[in-house]
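Visitor: I'm new to reading protein models, and I'd like a close look at one single part. Could you pick a residue and walk me through its surroundings?

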Amino acid sequence: MQLTKTIGLAAAAAATLALTGCNSGPKQLTRTWDTWVNEKYSDNAYIHGLVLQDLLPVYPIVGFFAAIGDIIVLNPYYFWTEDVWDGKGTAYTYDNAEGATRSVGTLIESGE
């Protein structure tokens with residue numbers, strides 16, 4: 001009984017240590033999904049903003065599962081295999097939205 005408890009505690013400690021980098025990392029799935037949603041929103045705010053994001057929470061649900069994938073797989077991988085050893089984080093490279101007629105940056109610059 002004592003051995004089983006010790007093995008269980010050791011396994012829990014190992015799992016906790018392995019997932020300590022779960023929020024540290026490039027969040028590749030989450031940011032890829034966010035970039036895709038941003039592009040779709042710039043195409044049609046009613047469908048991709050009001051309907052699929054607010055009324056029918058399709059985008060938030062998919063974003064939740066993307067975040068889970070990042071937390072369980074990708075972030076610990078990048079954190080423990082690359083970032084810890086060189087002390088530099090792995091960055092996510094953002095793409096500019098294709099075909100967007102305006103952006104927050106252009107609205108700020110124009111004073112609207």
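Guide: Here is a short tour of one acidic residue, D83, with some background on the chain around it.

Please keep in mind that this is a predicted model. The protein chain has five helices and zero strands, so in the order of its elements, starting at the N terminus, you read α-α-α-α-α. Of its 112 residues, 14% count as buried.

D83 sits in helix α4, which covers residues 58-86. D83 is buried, yet it has no salt bridge. The nearest side chain of opposite charge belongs to K27, and that is 9.8 Å away. A salt bridge would need the charged atoms to be within 4 Å, so K27 does not provide one. What D83 does have is a polar contact of 2.6 Å, which links its side chain to that of T90. If you set aside the neighbours within four places in sequence, D83 touches Y78, K88, G89 and T90.

Helix α4 also takes part in something on the surface. Y46, I47, L50, L55, L56, V58 and V62 make up a nonpolar patch there, with about 670 Å² of accessible area together. Both α3 (45-55) and α4 give two or more residues to this patch, and the largest share, four residues, comes from α3. One of the patch members is I47, found in helix α3. I47 is partly exposed, because its relative accessible area is 39%.

Finally, step back to the whole chain: about 8,400 Å² is exposed, and carbon and sulfur atoms supply 64% of that.

Terms used: Residues numbered from 1 in each chain as written. Predicted model: local features only at pLDDT ≥ 70, side-chain atom pairs only at ≥ 80, totals over all residues. Heavy atoms only, no water. Buried < 20%, exposed > 50% of the residue type's maximum accessible area, 1.4 Å probe, protein only. Lys, Arg positive; Asp, Glu negative; His and termini not counted. Polar contact = N/O pair within 3.5 Å; in protein donor to acceptor, adjacent residues only side chain to side chain. Contact = heavy atoms within 4.5 Å. Patch = residues over 30% accessible without salt bridge, like charges linked within 9 Å, V, L, I, M, F, W, Y side chains within 5 Å. Areas by Shrake-Rupley, 256 points an atom, 1.4 Å probe, with all protein chains shown as cover.
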